[in-house]
Amino acid sequence: MTLRTRSLAALLLGAALACGAPAAARADVTLLNVSYDPTRELYVAFNRSFAEKWKAETGETVTIRQSHGGSGKQARSVIDGIDADVVTLALAYDIDEIAASGRMAKDWQAARPHNSAPYTSTIVFLVRKGNPKRITDWGDLVKPDVRVITPNPRTSGGARWNFLAAYGYALDKAGGDEAAARDFVTRLFRNVPVLDTGARGSTITFVQRGIGDVLLAWENEAFLAVEELGPDKFDIVVPSVSILAEPPVAIVDQVVDKRGTRPVAEAYLNHLYSPEGQELAARHYYRPRLEAVAQRHADRFPKVTLFTIDEKFGGWTNAQTRFFGDGGVFDQIYAPGR
Amino acid sequence: MAIDAFAPDTAAAAPRVALSEPRVVRLVLIAVALGFLVLFLVVPLVVVFSEALAGGVATYLASLTEPDALAAIRLTLLTAAIAVPLNLVFGVAAAWCIARFEFVGKSVLTTLIDLPFSVSPVISGLVYVLLFGLHGWLGPWLQAHDVKIIFAVPGIVLATIFVTFPFVARELIPLMQEQGSEEEEAAIVLGASGWQTFRRVTLPKIKWGLLYGVLLCNARAMGEFGAVSVVSGHIRGETNTMPLHVEILYNEYNMVAAFAVASLLALLALVTLVAKALLEWRYADELAATRRH
Amino acid sequence: MAGLLLRAGSWRKPSVLPGFGLALGFTVTYLSLIVLIPLAALVAGAAGLGWEGFLAVATGPRVVAAFKVSFGTAFVAACLNAVFGLVVAWVLVRYDFPGRRVVDALVDLPFALPTAVAGIALTALYAPNGWIGALLEPMGITVAFTPLGIIVALTFVGLPFVVRTVEPVLQDLEAEQEEAAAVLGAGRTRTFLRVILPAILPALLTGFALAFARAVGEYGSVIFIAGNLPMVSEIVPLLIVIRLEQYDYAGATAIAALMLAASFALLLVINLLQSWMRSRHGH
C-alpha cells in the first residue's frame with residue numbers, strides 16, 4: 001500500500017510538473033485580444049498578418065491570444081479583470097461600460113478614425129434554400145407562420161443590432177409612430193422560438209438544428225455560414241433598409257500601461273485600418289472603410305440603404321437604456337399578459 | 001397492516017410463487033427499465049462517438065492533437081491533479097474528526113460539507129468573481145500586487161475544488177462511522193503514535209472507499225462546466241478546459257472536433273464506471289453499505 | 001496550539017484518539033476558505049442591496065418565471081426519475097437477466113459524464129433533425145428548445161439518485177413480511193402497495209429530493225437544449241449568467257442568494273429524510 005501510495009503521489013507530481021511546463025515557446029511579447037463571437041475567423045487571419053508585419057518591422061515575435069464569446073460576456077470579463085490589451089467588440093455600448101469601470105479613458109471612441117470602428121457590417125436575413133416562405137423584407141418576419149431566429153438582445157451585441165434594425169424599419173414605415181414600431185417588434189419576437197445568448201448559438205440553432213425559417217444575422221456571419229455549410233442549403237436575403245453596424249475597437253489603458261504593451265497594441269489596432277487589414281476584413285465579409293478596398297470588393301457587398309444608430313436613436317447610451325435596460329422596450333415584449 | 005385473511009385461496013396453494021411477479025409482468029418491467037436506460041444513457045453515449053467519428057478516424061485524431069485541444073487536455077489534467085489531492089486530504093481530515101469524535105456542532109459541520117452538492121455550479125463560479133474580480137472584495141489588492149486568480153488557472157482550480165469538495169468526505173464519513181474506532185483506540189493504548197495508527201490501522205480499512213471517492217471526485221473535476229465557465233475568460237490555448245473547449249468548437253461549426261473532444265470525456269466517464277464497478281464487485285464489504293453521492 | 005485549547009473545552013466527548021484538533025482545524029479552515037467565505041461574499045453582496053432592492057429583484061416577473069421554470073421542470077424530472085428509478089432498482093435487485101451487472105454499472109453514467117457532453121449529445125439527439133427528434137417531429141412533439149428539452153436533460157442528470165438510494169433498501173427488505181402477506185392472501189399488487197412501498201418510501205423520497213436538488217441548479221446540460229426564451233424556457237442559473245453579462249451584478253447576486261437559500265432548504269429536507277430513512281432501516 002505504501003508503495004502504491006508513493007507511486008500515486010509520484011504520478012500526480014509528474015502530471016503537475018508536465019502540465020506546469022509552458023505550452024508554447026516563450027514569445028517576445030504577447031497581446032490578448034478579447035473579441036466577440038463572429039470574428040474568430042477574421043482574427044485568425046489578421047493575427048498572422050500582424051505578427052509577420054511586426055516581426056519585419058521590429059524583429060520582435062508577437063503572439064496574439066484570443067478570447068471569443070458574446071459581446072456582453074466578454075466586456076464583463078474585462079470589467080472583472082481579465083488582462084485584455086485590446087478589445088474588439090460588437091458595439092460601442094459594451095466598451096463604454098468597460099470605460100465606466102475605469103479601465104480605459106472615457107473618450108476612447110475619439111482615439112481612432114471612423115468612431116474607432118475599422119470595418120462595418122449590417123444585418124441581413126439567412127433563409128432556407130429557395131426561400132420557401134418568400135421572405136423579402138422586414139415586414140415578412142411578422143407573418144404568423146414565420147419562425148425567426150435571433151439571439152437575446154440583452155446578452156448579444158448582434159441581437160441588439162437586429163432589434164434596432166427591425167425597429168428602425170418599422171419606425172420609417174409608420175412615419176415615426178413609436179407605438180406602431182413597438183407593436184411591430186413585439187409581433188416579431190412572438191415568432192422567435194429560441195433565444196440563444198450569443199450570435200453563434202443562433203446560427204447553430206438555425207443551421208445545424210434546422211429550427212426556424214429565417215435567421216437575423218450579421219452580414220459576415222450569414223456569408224460565412226453559407227460558405228462553410230454549403231451554398232446549396234441557404235440563401236441570403238437583403239432587406240430594403242438595415243442598420244449600419246459599427247463594431248468598435250479600443251485599447252484597455254490600464255492593462256497596456258501595466259504590461260508596457262501600448263506601442264504594439266496601438267500598432268495592432270492601426271493595422272486594422274491599413275490596406276492589408278482592410279483587405280482581410282473585406283475577405284471575411286466585413287465592409288471595409290478604405291474606398292480602394294471597398295471598390296475592389298464591391299460585388300461582395302449588396303447595396304442596401306443603411307441608417308445609423310445616431311440618426312435614428314440618438315446614440316448607444318440612449319438606445320441601451322430605452323430598449324434594453326431593465327423594464328425597457330425589450331422587457332415589455334416579454335412582460336406577462338402581453 | 002390490515003390484510004384480508006379470507007380472500008381468494010390461490011395464494012395459500014403456492015405461497016412461494018406469489019413472492020414473485022408473473023413472468024409477463026417481470027418481462028414488462030425489465031423492458032421498461034432497459035428502455036428507459038437505453039433512451040437516456042446509451043443513445044446519448046452512442047451519439048457522442050458516432051458524431052465524433054463522422055469524419056473518419058484521421059479527422060478524429062487530428063482534432064484531438066491540434067494545439068488548442070492539447071492545451072485544453074493539459075489544463076484539465078493539471079486542474080484535476082491539484083483539486084483531487086487537496087480534496088482527498090480534506091476528506092480524510094473531515095472524516096477523521098466527524099467519524100471518530102463526538103462534539104458539539106458535528107451535524108452542522110456535516111451539513112456544510114454537503115452544501116457544494118446542492119449549490120448551482122453557476123453560483124460556485126459567481127462567488128469567486130465576487131471575491132476576486134476587479135471590483136470584488138480582494139480584487140483591488142490582487143490587482144495592485146499583480147496576482148491573477150480569476151481568468152487564470154488558480155480561479156479554474158478553485159472553482160473545481162468547490163464543486164468537487166464533498167466527494168471524498170461523503171464517501172469516507174459513513175464508512176468510518178460504520179467501522180467504529182475500537183481498533184484505533186486499541187492501537188493508541190498499546191502505544192502506537194497517532195500517525196502510525198492512521199497509517200497502519202485506519203488507512204488499510206478505508207483504502208478502497210478512499211479510492212472510490214477519488215474516482216468520482218476526479219470524474220467531476222475533469223468534467224465541470226458551469227462553474228469553470230464563469231471564471232475562465234475563455235482564452236484560447238490558455239484558460240479553456242476540455243468541457244469549455246467542447247463548447248468553443250461547437251460554436252465554431254466544428255461539430256466533429258467538438259464531439260471528438262467530448263468523446264474523450266465520455267471515454268473518461270466509461271473508464272470511471274468500469275473502475276468503480278470493479279471496486280464494488282471485489283471490495284463490496286469494504287465500501288460503505290450506504291453508497292450515495 | 002489550537003488543539004490544546006479545544007481539548008480544554010467540555011464541548012466534546014473525551015477520546016483516546018489523537019489528532020482531533022488538527023483534523024477539525026484543517027477541516028474548518030479549508031471549508032471556510034473554499035466554501036463559506038466565498039458564499040458569505042455572495043450573501044453580503046445581496047444584503048448590500050437592502051431589503052427593498054432585494055425584494056424588487058426577487059419579485060421581478062422574469063425572475064419569478066425563471067424560478068417557476070427551474071423548479072417546475074426539476075420537479076417533473078424528479079417525478080420521472082422516482083417512477084422509472086424505482087422500476088430500474090426493482091429490476092436490478094429482484095430479477096436476473098443477461099447483462100444485469102453492466103446495466104447496474106451504467107446507471108452511474110450521469111455522475112461521471114461531464115454535463116456539457118450530455119448537453120450537446122442530447123441536443124444532437126432531440127433536435128428536429130436528430131435521431132429521436134426526427135421520430136417525434138411527425139407526431140408534432142418538439143423536445144429540443146422547449147421546456148420538454150429541459151426536462152429531458154434534468155432527467156438525465158438526476159437519474160442515478162433514486163436508483164442508488166432505493167437499491168440497498170430493497171436488497172435488505174425482509175422476505176418474511178412479503179411471505180406473510182402472500183400467505184394471508186394478499187395479491188402481488190396489494191403486497192407491493194401495502195408492504196413494500198411503505199418500507200422503501202423514505203429511501204424513495206430521499207432519492208427524489210436528491211435528484212430534485214441536483215436538477216434545480218443544473219446548468220451545463222440544460223443551456224444547449226433549452227430554448228432560453230424569457231418567461232418560457234429560461235432557467236435560474238442561466239438568468240444569473242444573463243444578468244451578469246448585462247453588468248447587473250446586484251441583480252445576479254440577489255438571484256444567486258435566493259437560489260442559495262433554496263439549496264440550503266433542500267439540503268435540510270434531505271437531511272431530515274435521511275435520518276428518517278436511517279431510523280427505519282438502520283442505514
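This briefing walks through the chain contacts, one chain's build and a handful of charged pairs. The model is a predicted one. Chain B touches both partners covered here: with chain C the buried area is about 9,200 Å², and with chain A it is about 2,900 Å². Over all chains, the structure holds 47 salt bridges.

**Chain C against chain B**

- On this contact, 100 residues of chain C meet 99 residues of chain B.
- Carbon and sulfur atoms give 80% of the roughly stated total, which is about 9,200 Å².
- C:Leu17, C:Tyr30 and C:Tyr95 supply 7% of what chain C buries against chain B, and no other three residues supply more.
- For charged pairs, the rule picks up 2 salt bridges across this interface.
- One to look at is C:Arg188 with B:Glu21, where the closest N and O atoms sit 2.6 Å apart.
- Polar contacts come to 11 residue pairs, counting those with both residues at pLDDT 80 or more.
- Helix H2 (residues 20-47) of chain C brings the largest share of the chain C side, with 17 residues.
- By class, that chain C side splits into 74 nonpolar, 16 polar and 10 charged residues.

**Chain B against chain A**

- Here 29 residues of chain B are in contact with 36 residues of chain A.
- Of the area buried between these two chains, 59% is on carbon and sulfur atoms.
- B:Phe151, B:Asn251 and B:Tyr253 are the three to click on: they supply 24% of the area chain B buries against chain A, more than any other three residues.
- The rule finds 3 salt bridges across this interface.
- A:Asp83 and B:Lys148 form a salt bridge, with 3.5 Å between the closest N and O atoms.
- There are also 10 residue pairs in polar contact, both residues at pLDDT 80 or more.
- Three helices of chain B, namely H4 (67-100), H11 (194-223) and H13 (242-251), each put at least two residues into the side that touches chain A.
- H4(B) gives the largest share of that side, at 5 residues.
- Sorted by class, the chain B side has 15 nonpolar, 6 polar and 8 charged residues.

**How chain C is built**

- Chain C has 14 helices and 0 strands.
- Its C-alpha trace spans about 70 × 65 × 35 Å along the principal axes.
- Of the 283 residues in chain C, 61% are buried.
- Looking at contacts in chain C with a separation of 6 or more, 74% are between residues 24 or more positions apart.
- The accessible surface of chain C is about 10,500 Å², and carbon and sulfur atoms account for 70% of that.

**Charged pairs within chains, and a network**

- In chain C, C:Arg62 and C:Glu234 meet in a salt bridge at 2.7 Å, N to O.
- C:Arg62 lies in helix H4 (residues 61-94) and C:Glu234 in the loop between H12 (220-225) and H13 (236-245), so this pair ties together parts of chain C that are 172 residues apart in sequence.
- Both partners are tucked away: C:Arg62 is buried at 8% relative accessibility, and C:Glu234 is buried at 1%.
- In chain A, A:Glu279 pairs with A:Arg296 in a salt bridge, the closest N and O atoms being 2.6 Å apart.
- That pair links helix H11 (residues 275-283) to helix H12 (residues 291-296) of chain A, so the parts tied together are 17 residues apart in sequence.
- A:Glu279 is buried at 14% relative accessibility, whereas A:Arg296 is exposed at 51%.
- A:Arg262 and A:Asp257 also form a salt bridge, at 3.3 Å between the closest N and O atoms.
- A:Arg262 is partly exposed at 28%, and A:Asp257 is exposed at 53%.
- A network of salt bridges links B:Lys276, B:Glu280, C:Asp104, C:Asp108, C:Arg164 and C:Glu167.

**Two buried spots**

- Helix H7 (residues 199-207) of chain A has 9 of its 9 residues buried, including A:Arg200, A:Ile204 and A:Phe206.
- B:Arg220, in helix H11 of chain B, is buried with a relative accessible area of 16%.
- Beyond its neighbours within four places in sequence, B:Arg220 contacts B:Pro121, B:Val163, B:Thr164 and B:Phe167.

Notes. Residues are numbered from 1 along each chain as its sequence is written. Chains are lettered from A and ligands numbered from 1 in the order in which they are written. This is a predicted model: local features need pLDDT of at least 70, side-chain atom pairs count only at pLDDT 80 or more; totals for chains, interfaces and linings use all residues. Side-chain values use heavy atoms; hydrogens and water are left out. Contact means heavy atoms within 4.5 Å. Buried area is the accessible area (1.4 Å probe) that two parts lose on being put together, summed over both. A salt bridge is a side-chain nitrogen of Lys or Arg within 4 Å of a carboxyl oxygen of Asp or Glu. A polar contact is a pair of N or O atoms within 3.5 Å; within protein, one must be able to donate a hydrogen and the other to accept it, and residues adjacent in sequence count only if both atoms are side-chain atoms. Helices (H or I, at least four residues) and strands (E, at least two) are DSSP runs, numbered from the N terminus. Ala, Val, Leu, Ile, Met, Phe, Trp, Tyr, Cys and Pro count as nonpolar, Asp, Glu, Lys and Arg as charged, and the others, Gly among them, as polar. Buried means under 20% relative accessible area, exposed over 50%, partly exposed in between (1.4 Å probe, protein chains only). Accessible areas come from the Shrake-Rupley method with a 1.4 Å probe; for residues, only the protein chains shown count as cover.
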